[in-house]
Amino acid sequence: DGSYRQNRLNLTTLLVQPISAVLAKNLISVPEDAVQKDRCIPLQMPATGKKIISLNIQSVTTYKTISNVIGYLKGTVFPDRYVIIGSHHNGLNTYGGREWASSTAVITAFIQALMLKVKRGWRPDRTIVFCSWGGTSFGNIGSYEWAEDLKRVLQRNVVAYVSIHNPVRGNSTLHPVASPSLQQLAAESQSFNCVEKAKCPGSNVSSVQIQGDSDYFINHLGVPATQFSYEDIKTSENSSFLSEALFPVHTTKTEELDPSFSLHETIAKLTGQVTLQIANEPVLPFNALDIALEVQNSLKGNFCDEVDIPQLLAVASRLRDTAELFQSDEMRPANDPKERAPVRVRMLNDVLQSLEKSFLVHRAPPGLYRNILYRLDERTSQFSVLLEALEHCKLHQSNETIQAALSEVLNSINSAQVYFKAGLDVFETTLAGKK
């Protein structure tokens with residue numbers, strides 16, 4: 001109530017009624033006898049004859065209340081710095097029915113374990129905020145509305161978001177996803193906790209677009225995020241940005257995926273360890289150099305002549321040099337207990353928690369993250385925003401889109417380099433004054 005509906009040019013005026021993938025397949029697939037089993041055939045209307053489709057829509061507009069459940073454990077050293085750990089609960093009639101249960105189980109187990117420590121007098125250094133979101137399957141409504149209401153506070157105070165979105169959706173492989181600055185921490189936690197070696201094939205942490213309520217924190221606040229989940233190999237190879245629009249043919253029961261609940265236990269341990277390290281380390285366990293390396297890796301590959309790769313590589317090289325200086329000159333001394341002056345630690349953490357904000361672009365193509373550090377899927381190693389612009393360029397025979405995307409990427413890398421340099425300058429000035 002009271003919200004103003006914006007008149008945006010990119011919103012369609014057509015009536016839209018989503019239907020399930022199963023129904024779409026039945027409506028527009030070729031006949032079964034024409035399907036060749038050894039190759040994949042795109043969905044298409046039958047070549048002969050017309051098919052009349054009548055869709056009777058009986059939707060009724062009603063208002064429903066969506067609730068979030070928020071709790072927190074106040075920090076003792078940096079109480080105004082928040083580590084958010086988010087799950088979601090079932091709200092109204094969701095199509096999955098069971099996928100929220102794993103999420104709820106993991107966060108509940110983690111809270112129970114923490115409460116045992118709290119009863120013995122323990123408290124984290126930073127405040128840990130526990131969030132169970134409502135309305136996730138309707139477009140992450142609960143997390144979006146909550147974060148919009150508290151946007152100014154969250155931009156200043158949130159240091160990381162740890163996601164528990166449908167953590168056991170398969171049982172073949174562990175699939176860790178993390179922001180570039182958190183990849184090293186996620187890999188270390190994975191190696192420490194990995195008991196079933198067959199299901200933990202090395203440190204394969206990547207920065208790809210992930211599902212669920214972490215979206216607002218990644219794409220509007222530029223908060224470093226991480227998530228651990230078990231998936232089937234085939235599922236993890238596909239792009240996941242449209243996952244909320246897919247209707248599964250068969251939902252496997254949790255008891256069938258993980259009868260001993262060992263996978264849930266592993267996720268709880270991994271998630272818990274990462275959360276506690278971020279909440280308790282005097283200096284945030286973020287790696288500035290990894291962001292610079294990710295940027296350089298995203299510029300490798302085959303781009304067309306329209307992209308000025310030498311210019312991008314030169315700017316990325318400057319970013320790496322500055323990040324290396326920052327990592328060696330500031331982070332190492334601050335991690336030394338003998339040189340851990342409170343003012344130095346606070347200044348350093350303020351720089352670290354905003355590392356990724358430079359990479360938020362104003363507008364991203366449909367289906368792509370505004371945070372350009374995240375790739376579309378596992379098979380894409382380049383900046384997705386540049387690859388999308390190239391496709392548009394080929395389709396419309398115009399380089400306007402590629403120039404706009406190139407400008408966004410260039411500005412982001414430049415901004416990050418200036419941000420690191422400003423951090424170094426502030427340290428030099430402040431510490432010189434102290435001496």
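A residue counts as buried when its relative accessible area is under 20%, as exposed when it is over 50%, and as partly exposed in between. Keep that scale at hand for the exercises below, which use a predicted model.

**Exercise 1. Describe the chain as a whole.**

Task: Find what share of the chain is buried, and which secondary structure elements the chain holds.

Solution:
- Start with burial: of the 435 residues in the chain, 45% are buried.
- Turn to the surface, where the chain exposes about 23700 Å², with 54% of that supplied by carbon and sulfur atoms.
- Count the elements: there are 14 helices and six strands.
- Finish with the contacts. Taking those between residues at least 6 apart in sequence, 81% join residues at least 24 apart.

**Exercise 2. Place strand 2 among its partners.**

Task: Work out which strands pair with strand 2, and in what sense.

Solution:
- Locate strand 2 at residues 78-88, and check its cover: eight of its 11 residues are buried, so the strand is mostly covered.
- Look at strand 3 (residues 126-133), which pairs with strand 2 in the parallel sense over eight bridges. Here Ile84 stands opposite Val129.
- Look next at strand 4 (residues 158-163), which runs parallel to strand 2 and is joined to it by five bridges. Gly86 has Ser163 of strand 4 as its bridge partner.
- A general point helps when you view the strands: side chains in a regular strand alternate between the two faces of the sheet.

**Exercise 3. Locate the largest nonpolar core.**

Task: Explain why this core lies between two domains.

Solution:
- Begin with the membership: the largest nonpolar core has 95 residues, and those touching the most other members are Ile84, Phe217, Ile278, Leu312, Phe326, Phe359 and Ile413.
- Ask which element gives the largest share: helix 14 (residues 400-434), with 10 residues.
- Now bring in the domains. The core lies between domain 1 (69-280) and domain 2 (288-433) because both give residues to it.
- Zoom in on Ile278. Beyond its neighbours within four places in sequence, its contacts include Val83, Val159, Leu182, Leu284 and Phe286.

**Exercise 4. Classify Ala314.**

Task: Decide whether Ala314 is buried, partly exposed or exposed.

Solution:
- Place the residue first: Ala314 belongs to helix 11 (residues 309-335).
- Read its relative accessible area, 37%. This value falls between the 20% and 50% cut-offs, so Ala314 is partly exposed.
- Add a distance to fix its position: the C-alpha atoms of Ala314 and Gln296 are 9.8 Å apart, while the two residues are 18 apart in sequence.

Technical notes
Residues are numbered from 1 along each chain as its sequence is written. This is a predicted model: local features need pLDDT of at least 70, side-chain atom pairs count only at pLDDT 80 or more; totals for chains, interfaces and linings use all residues. Side-chain values use heavy atoms; hydrogens and water are left out. Helices (H or I, at least four residues) and strands (E, at least two) are DSSP runs, numbered from the N terminus. Buried means under 20% relative accessible area, exposed over 50%, partly exposed in between (1.4 Å probe, protein chains only). Contact means heavy atoms within 4.5 Å. Accessible areas come from the Shrake-Rupley method with a 1.4 Å probe; for residues, only the protein chains shown count as cover. Two strands pair if DSSP finds at least two bridges between them. A nonpolar core is a set of buried Ala, Val, Leu, Ile, Met, Phe, Trp, Tyr and Cys residues joined through side-chain atoms within 4.5 Å. Domain bounds come from an automatic or database domain assignment.
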